[in-house]
Amino acid sequence: SFGTGGSRGSLLGALDRTRTAMGARALRRLVGQPLRDLPELRRRQAIVGALVAQAAVRAALGQSLAAIGDLERLTGRIVVRGATARDHASLRAALAGIPCLSDELGRLDLDRDAPAIDPCADLLTLLTSAIDEDDGGTVGIRPGFAPELDAAIAAARDTRRWLAQLETRERERTGIRSLKVGFNKVFGYYIEVTRPNLSLVPAEYARKQTVAVGERFVTAPLKDAEARLLVADEEIAALEAAALERLAAAVTETAPRLLATARELAELDALRSLAETAALGDWVAPILTEDDDLSIEGGRHPVVEASLGGETFIPNDCRLGGAGCPRQLLVTGPNMGGKSTFLRQAALIVVLAQIGSFVPARAARVGLVDRIFSRVGAHDDLARGQSTFMVEMVETAAILHQATRRSLLILDEVGRGTGTDDGLAIARATLEDISTRIGARCLFATHYLELTDLAAALPDVANVHVAALERNGRVVFLYAVRPGPADRAYGIQVARLAGLPPWVADRADALLADLVRQRAAPASAAPGIDCEPDAPPDPHSEPRRVSDADGLYQLSLAGAPAPAPTAADLLRALRDLDLGTMTPRAALDWLWTQQERFGGPGRSRG
């Protein structure tokens, strides 16, 4: 995820359009556990494809799943710790929604790929006969399911009816019109008579309590009724608990079938979510094979595209393995230009393909991988004494030890955490090992432009770069992946975009120009590239082109002094200048360079 601490900004967040909690858990499992089981992947893909093609069925299934709810957790709650009557009512409602959902599934015409959903009709019949819900929403045991409970409830009802009529009867019998029958938690039921009417109290009334307005009394029938109610309440509670335990035992006996149904429904919800995402994003079904071809046409990063809010994502192709295609791509280009996005979108497309999903691309062919290894980002683990570079090397070592020819490797900036020479050497050795020993499909992003020479030395390596342009000293990212190596890193231009103070960026520009001139100085002043200092020149070596930051070239033989510049050289260099893109400062640097080449003082070095 993009540093959100949750699913937002992650692949899971971009995919999750589930309608139930158990579906969300199933989708998380799918994303976390890609498969190499080709028949199972094709089965899932068939379901997703059918749901993509029929939007009305997809919507109806979503509503049915939402009505069913979390059948998995509900079953577990009843089995593990018992449940209330309302839990059983919820289970009954969930099971009652399955037949409608099965009818909707039947419209997809999936044949053997359709999920086998057991409606547990016998349990639904039992729950329907056992659970009742009145118009007020009160849930209880339905009359007839537990006769003993019915009898206890009837007896308690009769006693309460007798108590409700007692006040009227006693007023008529005694002639005390102010007589009241009441109840409190301390003294229980009582008959209250005001002081002016105490002379009318019958002899069978037993005084119970004196109050400010009169006296409170009890009678033997009133005590008996109160005792019956106390016993009845306890008996009813026990009988209700016994009925619920009997229901829970039936649910427990059916639990394996219930959980199997819950798994099927959860997976259906997850696949419906994948179909919803595919339909909204115009994704396509990838061709899945057992070979080692990875071919993506017009691939897009699912998470980045989801975060763009309707803006256009620049798609790119990626081809690894297969006939006539390299197995390793060396990706160069500026920071923020899209290298990491290109790497990760390829990996995410493979993950999506190997969970049975459609993928964000114009077309895709995915030869199944056994594992995806990733070495991206920069972080440390100081609590364990590991620096950023140490963490990077530990991860790189694990990849080189465990990767196979069937793996997909995503390596971003290997070797950046140490000195330039050390880092370049480590990066080159790593890529050589991947290409010559492991043979895995690999996307290898780097800022070491010196590595681009490996494309000529290793047959399975090819160069691509993320395109960028410079306009008036500012870099313009095109986010398009094109063949060949990048011409430069554009680091200072990106630093300007990041807010580096202008005086610092200007100074960096000047220092970079000095470094470029030193590297492009005549070979007589320094030994040639690729040769030891004392090695004699090879008279049969081919001329090579040595470039400086402004795209100007001089010819030399590797290891041999460059010939003295001539007026024709100057004329040719002048004719090759692109004045439409050259800044005034670059033009001045170019003039100083030419003046130095022809023996003039060049730039004053103070």
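## Tyr 479, an unusual spot in a strand

Let's start with Tyr 479, which is partly exposed because its relative accessible area of 39% falls between the 20% and 50% cut-offs. Keep in mind as you look around that this is a predicted model. You'll find Tyr 479 in strand β16.

What sets its backbone apart is the phi angle: Tyr 479 has a positive value of about 55°, although it is not a glycine. For context, most residues other than glycine have a negative phi.

## Cys 120, tucked in a loop

Cys 120 is another non-glycine residue with a positive phi, here about 50°. Look for Cys 120 in the loop between α7 (98-106) and α8 (121-130).

Is Cys 120 buried or exposed? Cys 120 counts as buried, because its relative accessibility is 0% and anything under 20% gets that label.

## The second largest pocket

Strand β16 comes up again here. Together with α12 (339-353), β16 (474-483) is one of the elements that give two or more residues to the lining of the second largest pocket. Which of the elements gives the most to that lining? That's α12, with six residues.

The pocket holds about 580 Å³ of space, and 27 residues line it. If you want to find its centre, head for Met 336, Gly 338, Lys 339, Ser 340 and Thr 341, which are the lining residues nearest to it. As for chemistry, the lining is a mix: 11 of its residues are nonpolar, 10 are polar and six are charged.

## A nonpolar patch on the surface

Now for the outside. Leu 500, Trp 503 and Val 504 make a nonpolar surface patch of about 310 Å².

Take a closer look at Trp 503, which sits in helix α17 (residues 502-519). Trp 503 has 64% relative accessibility, so it counts as exposed, the cut-off for that being over 50%.

## His 88, out of sight

For a contrast with that patch, go to helix α6 (residues 85-96), where His 88 lies. His 88 is buried, as its relative accessible area is 0%.

How far from the C-alpha atom of Ala 130 is that of His 88? The two C-alpha atoms are separated by 9.1 Å, while the residues are 42 apart along the chain. Ala 130 belongs to α8 (121-130), the helix that follows the loop holding Cys 120.

Notes
Residues numbered from 1 in each chain as written. Predicted model: local features only at pLDDT ≥ 70, side-chain atom pairs only at ≥ 80, totals over all residues. Heavy atoms only, no water. Patch = residues over 30% accessible without salt bridge, like charges linked within 9 Å, V, L, I, M, F, W, Y side chains within 5 Å. Areas by Shrake-Rupley, 256 points an atom, 1.4 Å probe, with all protein chains shown as cover. Salt bridge = Lys/Arg side-chain N within 4 Å of Asp/Glu carboxyl O. Helix = DSSP H or I, 4+ residues; strand = E, 2+ residues; numbered from the N terminus. Buried < 20%, exposed > 50% of the residue type's maximum accessible area, 1.4 Å probe, protein only. 1 Å grid on protein atoms, 1.4 Å probe; cavity = no way out; pocket = protein on both sides within 12 Å on 5 of 7 lines; lining within 4 Å. Points joined across faces, edges and corners; volume = space filled by probe spheres on them. Nonpolar A, V, L, I, M, F, W, Y, C, P; charged D, E, K, R; others polar.
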